[in-house]
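Colleague: Could you walk me through this model before I go back to the bench? I would like the overall picture and then some individual residues.

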Amino acid sequence: KRAAISWKIVWTGIFMQYILGLLIIRWSVGYEIFQFVAQQAESFLSYASQGREFIFGPNSVTYNGQVIPFAGSFAISVLPAIILFAAVIQCLYYYNIVQSVVAGMAKAVIHIIDISGVECVAACAAPFVGMSEASMLVGPFVSEMTEAELHQVLTSGFATISGSVFLGLLTFNADATALLTCCMMSVPCAIVISKIRFPEEEVPLTKGTAVAPAYKDRESNAIHAISNGAIFGIKLCIVIIAVLLAVISLLGLANGFLGWIFHFYGVEISIEKIASWILYPLAWLIGIPTIDLTDAAEAMGIKFILNEFAAFAMFTVKAPHLQARTNLLTTYAMASFANIGSIGTQISLFLTLAPDRADAIARLSLSACLCGSVSTLISACIAGIVS
């Protein structure tokens, strides 16, 4: 419905994204600030090793006289950081720090770009706490949201990654500054893409109002909050492990089946290759050097089919052999939750928050996931322009 598109929102959002790119990438002070934040995040990650060492023993084992670090194990190197971050975030929730920061940002953003209060809160929270937690912050409003608002909240979640996943990706030697930058740049772009794909035709309940983020079931004290956070973290780890195990195994099964069929024709084919062929033009459009297009497109395809962990695990093996520009732009293109597995997670969460909106949520989720993926691709384009 092109006639309903608010071009003021579109141009304001694109301008904000471009300015953020200039301030962070081209302005030395902005880059140093984000680099400092990234370094602190990496330092924060190191503290998880103390708990890991207590539970699992030394961070390395000696086998046949050779020292083998546990860093090569996904379960032992990545998941403890997720549990630590979840516990810290829950503690910050208890002291109203997260809510205050998100509400403050929403009050500023709502005067810059013409969207509703719940959309502002969800968009501002997504890069810090993740798509599920950002949705829970506006949980009481879900039943009253317009379909365009629902689409926007879903898109904001798909266009970014959470702090816990950010820490997990650092264990794959991902570029911390690029991940942080992309999350910040993708927020205004997610608003733009969502409002083009699904423009607002109704009057939202929270239009022009910076709503206060909700926080149900407040804990008794900080220890209670940390415990709840750790429990939530371990649940998240179990979900990540289960999804990775199932999807990667199914991918292997599909590749085996394809290999068996095309073996008779002497052709080597896999799901990853098919995905790389589909995404090859997009990888070229965002500015990745021609010599590295196949590797970058394959990583982007794995991210969309499986998830960001599997994609970065594969890509960082190849990264040392690729150009610096390829590594930077591919990191931007993959820094989001926009993948098939996340669609199921979001649908399950929203159905818990508002069972009465089941039909709308199921209808909008795939569209929002595609919009989130486009948002990160546009962030990669702008990074390629200004870098």
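Modeller: We can start with the whole chain and then turn to charged pairs, a buried acid, a surface patch and two further residues.

Colleague: Fine, but what should I keep in mind about where the values come from?

Modeller: This is a predicted model, in which local features need pLDDT of at least 70 and side-chain atom pairs count only at pLDDT 80 or more, while totals for chains, interfaces and linings use all residues. Residues are numbered from 1 along each chain as its sequence is written, and side-chain values use heavy atoms, with hydrogens and water left out.

Colleague: How many helices and strands does the protein have?

Modeller: There are 17 helices and two strands, where helices (H or I, at least four residues) and strands (E, at least two) are DSSP runs numbered from the N terminus.

Colleague: And what share of the residues counts as buried?

Modeller: Of the 387 residues, 51% count as buried, with buried meaning under 20% relative accessible area, exposed over 50%, and partly exposed in between (1.4 Å probe, protein chains only). The protein exposes about 18,000 Å², and carbon and sulfur atoms supply 67% of that area; accessible areas come from the Shrake-Rupley method with a 1.4 Å probe, and for residues only the protein chains shown count as cover. Among contacts (heavy atoms within 4.5 Å) between residues at least 6 apart in sequence, 78% join residues at least 24 apart.

Colleague: On to charges, then: how many salt bridges are there?

Modeller: The count comes to six salt bridges, a salt bridge being a side-chain nitrogen of Lys or Arg within 4 Å of a carboxyl oxygen of Asp or Glu. One of them joins the side chains of K195 and E119, at 2.6 Å from N to O. Since K195 lies in helix α10 (residues 176-197) and E119 in helix α6 (residues 117-129), the pair ties together parts that are 76 residues apart in sequence.

Colleague: Why does K195 count as buried?

Modeller: K195 counts as buried because its relative accessibility is 4%, and its partner E119 is also in the buried class, at 1%.

Colleague: What about R363, which acid does it pair with?

Modeller: R363 forms a salt bridge with E147, and their closest N and O atoms are 2.7 Å apart. That pair links distant parts of the chain, with R363 in helix α17 (residues 358-386) and E147 in helix α8 (residues 147-158), 216 residues apart. R363 is partly exposed at 44% relative accessibility, and E147 is partly exposed at 24%.

Colleague: Any other pair worth a look?

Modeller: D295 and K318 also meet in a salt bridge, at 3.4 Å from N to O. Here D295 is in helix α13 (residues 293-305) and K318 in helix α14 (residues 308-318), 23 residues apart. Returning to E147, salt bridges that share partners join E147, D359 and R363 into one network.

Colleague: Now E308: which side chain of opposite charge is nearest to it?

Modeller: That is K303, 6.0 Å away, and E308 is buried yet has no salt bridge; for this purpose Lys and Arg count as positive and Asp and Glu as negative, while His and the chain ends are not counted. E308 is in helix α14.

Colleague: So what does the E308 side chain meet instead?

Modeller: A polar contact of 3.2 Å joins the side chains of E308 and N339, where a polar contact is a pair of N or O atoms within 3.5 Å; within protein, one must be able to donate a hydrogen and the other to accept it, and residues adjacent in sequence count only if both atoms are side-chain atoms. Leaving aside neighbours within four places in sequence, the contacts of E308 include V165, L169, M334 and F337.

Colleague: Switching to the surface, which residues form the nonpolar patch?

Modeller: The patch consists of L23, W27, V29, I33, F36 and V37, which together have about 550 Å² of accessible area. Patches are made of residues with over 30% relative accessible area and no salt bridge, joining like charges within 9 Å and nonpolar side chains (Val, Leu, Ile, Met, Phe, Trp, Tyr) within 5 Å. Helix α2 (residues 28-56) gives the largest share, four residues, and V29, which is in helix α2, counts as partly exposed at 37% relative accessibility.

Colleague: Last one, what does the side chain of N255 reach?

Modeller: The N255 side chain reaches the backbone nitrogen of I271 at 2.7 Å. N255 is found in helix α11 (residues 222-263) and counts as buried at 17% relative accessibility.
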